[in-house]
Amino acid sequence: MNYSFSNRIAALQPSIIREILKASSGQNVIPFSAGNPAPETFPIEAIRTFTQSILEQDPVTALQYGITEGYAPLRDTLTSHLKTNYNTGTSSDELFIVSGAQQGIELACKVFCNEGDTIICESPSFIGSLNSFRASGARLVGIPMESDGIDIGKLEHALQTEQNVKLIYLIPSFQNPTGVTTSLEKRKAIYALAKQYGVMILEDNPYGELRFSGEDVPTIKSMDEEGLVIYVGSFSKILSAGLRVGFVLAPNEVVQKMVVAKQGEDVHTAMLPQILAYKFMAEYQYAEHISSIREIYHRKSALMMNKLKEHMGDSITFTQPDGGLFLWCDLPAHIPMLDYAKSSAASGVAVVPGTAFLVDESEPCNAIRLNFSTPSDEQIVKGIEILGQVLKQYS
């Protein structure tokens, strides 16, 4: 059969970098390349208990079709949580449930972008979102990241010069992959520019509740008086990644279109995980659970950073995040990053080449991303020692 693929898919090719990652994903490999929540953060007993009670008390609701907008008690609880704790959301906004934050990102792109339209992104940025945007046929423009967020001057230049800009995509808190948090000053500047140029902001905040040091910074959505911000969140990092429950908070008119688009994808998010998420917020020790996750990640991030200093010294520089799951490490200029990633994988430690996160993968990059949530403490200790040994091979 001679297959004729759609124009938007036919041009997509497997990434050489992702093929490297695939080859280094064996069971004996230390997974610094992952982005998974720590298994010890899963409230397994609570999920087991809640599931049993749901199936005993209200099995039909859990197993039947639901409305596309999502389980009403969960939507109401989330709306109240965001407003009470983060001053996020107004009477003009509506919240609906999606099958993971990734679907919310994809739906926003589907609703606003025609093929050839422009999306401005942080560079580096989350691979999943970049690939979703590429698959839609959108044109991506990357703006470099600085220590306190996106380069505002270059963002403004892009808004002035690029054609048909429909979205500004940002991960303002503990960004994936850099771990950087966008400052309040820059959040205000980004919103002001979006307002000036009439462009929607897609604020992706899957790590927002994972702050383990410093003070919370207001969400961009909390500044939204003009209906410019689509806010996407998730239960993946605080309850379970496998349940695939996320949410979108956006202006009512935008939500209506996103809901119609979702109906064509999966009709609605599975009901049982939604009810579990609701019970997790309403009947579990939610605040205590979040606090325990923060303590775990604070410890694991500190362990990784201390071991990096011990085994690599001043040879590398790395971000020191206040939350989230990731460190961004810059290698010495003389070390070829892809070769280093391959050598590390061959030695039993998987890292992600920084190039994988760039809008243009051909741009120079000598950084790697490390994840501290997935590996055990023992794996962190052993893995960083191995990375240090590999580094010495290039001296």
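Biologist: Let's start in the sheet: which residue of β6 does I120 stand opposite?

Modeller: Happy to help, and please keep in mind that this is a predicted model. Strand β3 covers residues 118–123 and strand β6 covers residues 165–170, and the two pair in the parallel sense over 4 bridges. Across that pairing, the residue of β6 opposite I120 is I168.

Biologist: Which strands stand at the edges of the open sheet of 8 strands?

Modeller: The sheet has mixed pairing, and its order is β2-β9-β8-β7-β6-β3-β4-β5. An edge strand has a single partner, so one of its sides is left without a neighbour in the sheet. That description fits two strands, β2 (93–98) and β5 (149–150).

Biologist: Helices lie against this sheet too, so at about what angle does α9 run to β7?

Modeller: Helix α9 spans residues 184–197 and lies across β4, β5, β6, β7 and β8. Relative to β7 (200–204), the angle is about 145 degrees.

Biologist: And α10, about what angle does its direction make with that of β2?

Modeller: Helix α10, residues 252–263, also packs on the sheet. The strands touched by α10 are β2, β7, β8 and β9. With the direction of β2, α10 makes an angle of about 20 degrees.

Biologist: Let's turn to the sheet of 4 strands: which strands are at its edges?

Modeller: This open sheet is antiparallel, in the order β10-β11-β14-β13. Two of its strands have a single partner each, so one side of each has no neighbour in the sheet. Those edge strands are β10 (317–318) and β13 (352–353).

Biologist: Which residue in β14 is the bridge partner of V352?

Modeller: Strand β13 runs antiparallel to β14 (residues 367–371), and 2 bridges join them. In that pairing P353 stands opposite I368. The partner of V352 is R369.

Biologist: On the β11 side, what is the bridge partner of D330 in β14?

Modeller: Strands β11 and β14 run antiparallel and are joined by 5 bridges. Helix α12 (residues 286–312) packs on this sheet, touching β10, β11 and β14. As for D330, its partner in β14 is A367.

Biologist: Is β14 largely enclosed or left open, and how many of its residues are buried?

Modeller: Both faces of β14 are covered, with A367, R369 and N371 buried on one side and I368 and L370 buried on the other. Strand β14 is therefore largely enclosed by the rest of the structure, and its count of buried residues is 5 of 5.

Biologist: How do α5 and α11 lie with respect to each other?

Modeller: Helix α5 (residues 72–86) packs against helix α11 (residues 271–283) with axes 9 Å apart and an angle of about 40 degrees. The contact includes L74 and H81 of α5, and Y278 and M281 of α11. The crossing is left-handed. At that angle of about 40 degrees, the two helices are therefore oblique.

Biologist: One last residue: is T161 buried, exposed or partly exposed?

Modeller: T161 lies in helix α8, residues 152–161. A polar atom of the T161 side chain lies 2.8 Å from the backbone oxygen of H157. The relative accessibility of T161 is 39%, so T161 counts as partly exposed.

Conventions
Residues numbered from 1 in each chain as written. Predicted model: local features only at pLDDT ≥ 70, side-chain atom pairs only at ≥ 80, totals over all residues. Heavy atoms only, no water. Buried < 20%, exposed > 50% of the residue type's maximum accessible area, 1.4 Å probe, protein only. Polar contact = N/O pair within 3.5 Å; in protein donor to acceptor, adjacent residues only side chain to side chain. Pairing = 2+ DSSP bridges. Contact = heavy atoms within 4.5 Å. Axes fitted to C-alpha atoms, helices over the stretch in contact; angles between N-to-C directions. Parallel < 35°, antiparallel > 145°, perpendicular 65-115°, else oblique. Left-handed = near helix turned anticlockwise from the far one by under 90°.
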